[in-house]
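Me: I am new to this structure and should like to understand the terms used to describe it. Please set each value against its definition and then draw the conclusion.

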Amino acid sequence: MAINHRQALQMLWTDSCSVFVRQEVTDEETKLTDFQEAALLENEPCKLSFETLSVATGDEAATAAQTVKLFLSSDRTVPAGSKIVVTRGERTFVFSCSGEPGVFFHHQEIPL
């Protein structure tokens, strides 16, 4: 049985994520508009990737920065600014504001 590229890539995705967006909700009595979190995706297979960048600035201590990317299927739509909760085993990572996704043929990469 042949396995396609997308299936092979997704075999590496052992994490799961839920994506939340903020939606406008109007109170019928007061007519005031507020925002409420709504689940867009739940328990989607994904892969969370961490990259640590060390920068020597001439100071005595080097500065370290971390880049985090989420790999997700390209057939899902995740708007920039979404809250993303990733579960890896017993650990949970919460990212409050996602970046603009880079969409490729078999996957997308979302900066967090």
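**Two cysteines**

Me: Why is cysteine 46 called buried?

Reply: Cysteine 46 has a relative accessible area of 0%. A residue is buried under 20% relative accessible area, exposed over 50% and partly exposed in between, computed with a 1.4 Å probe on protein chains only. The value of 0% falls under 20%, and therefore cysteine 46 is buried. Cysteine 17, at 1% relative accessibility, also counts as buried.

Me: On what basis are these values given?

Reply: The model is predicted, so local features need pLDDT of at least 70 and side-chain atom pairs count only at pLDDT 80 or more, while totals for chains, interfaces and linings use all residues. Residues are numbered from 1 along each chain as its sequence is written, and side-chain values use heavy atoms, with hydrogens and water left out.

Me: How do you know that cysteine 17 and cysteine 46 are not joined by a disulfide?

Reply: A disulfide is a covalent bond between the sulfur atoms of two cysteines. The rule asks for a pair of cysteine sulfur atoms within 2.5 Å. The cysteine sulfur closest to that of cysteine 17 is in cysteine 46, at 3.9 Å, which is too far for a bond. From the side of cysteine 46, the closest cysteine sulfur is that of cysteine 17. A search of the whole structure accordingly finds 0 disulfides.

**Charged pairs**

Me: What makes lysine 31 and glutamate 28 a salt bridge?

Reply: The term requires a side-chain nitrogen of Lys or Arg within 4 Å of a carboxyl oxygen of Asp or Glu. For lysine 31 and glutamate 28 the N to O distance is 3.9 Å, so the pair satisfies the rule. Lysine 31 is exposed at 56% relative accessibility, and glutamate 28 is exposed at 61%. By this rule the structure has 7 salt bridges.

Me: Why is it said that glutamate 37 and lysine 83 tie together separate parts of the sequence?

Reply: The closest N and O atoms of glutamate 37 and lysine 83 are 3.5 Å apart, and the two residues form a salt bridge. Glutamate 37 belongs to strand 2 (residues 33-55) and lysine 83 to strand 4, so the pair ties together parts that are 46 residues apart in sequence. Helices (H or I, at least four residues) and strands (E, at least two) are DSSP runs, numbered from the N terminus. Both residues count as partly exposed, glutamate 37 at 39% and lysine 83 at 26%.

Me: What makes arginine 76 and glutamate 44 a salt bridge?

Reply: Their side chains meet at 2.9 Å, N to O. Arginine 76 lies in the loop between strand 3 (63-72) and strand 4, whereas glutamate 44 lies in strand 2, 32 residues apart. Arginine 76 is partly exposed at 31%, while glutamate 44 is buried at 12%. Salt bridges link Arg6, Glu44, Asp75 and Arg76 in a network.

**Rings**

Me: Why is the pair of phenylalanine 50 and phenylalanine 93 called tilted?

Reply: The search of the whole structure finds 1 aromatic pair. Phenylalanine 50 and phenylalanine 93 form a pair with 5.6 Å from centre to centre and 55 degrees between the planes. Rings of Phe, Tyr and Trp (its six-membered ring) pair if their centres lie within 6.5 Å; planes under 30 degrees apart count as stacked, over 60 as edge-to-face and the rest as tilted. The distance meets the limit, and 55 degrees is neither under 30 nor over 60, so the pair is tilted. Phenylalanine 50 is in strand 2 and phenylalanine 93 in strand 5, 43 residues apart.

Me: How do you know that lysine 83 lies over the face of phenylalanine 20?

Reply: A charge sits over a ring if NZ of Lys or CZ of Arg is within 6 Å of the ring centre and within 35 degrees of the ring normal. Lysine 83 is placed over the face of phenylalanine 20, at 5.9 Å from the ring centre.

**A hairpin**

Me: What makes strand 4 and strand 5 a pair?

Reply: Two strands pair if DSSP finds at least two bridges between them. Strand 4 (residues 83-88) and strand 5 (residues 91-95) run antiparallel and are joined by 5 bridges, so the condition is met. The two strands form a hairpin with 2 residues between them, and glycine 89 in the turn has a positive phi of about 60 degrees.
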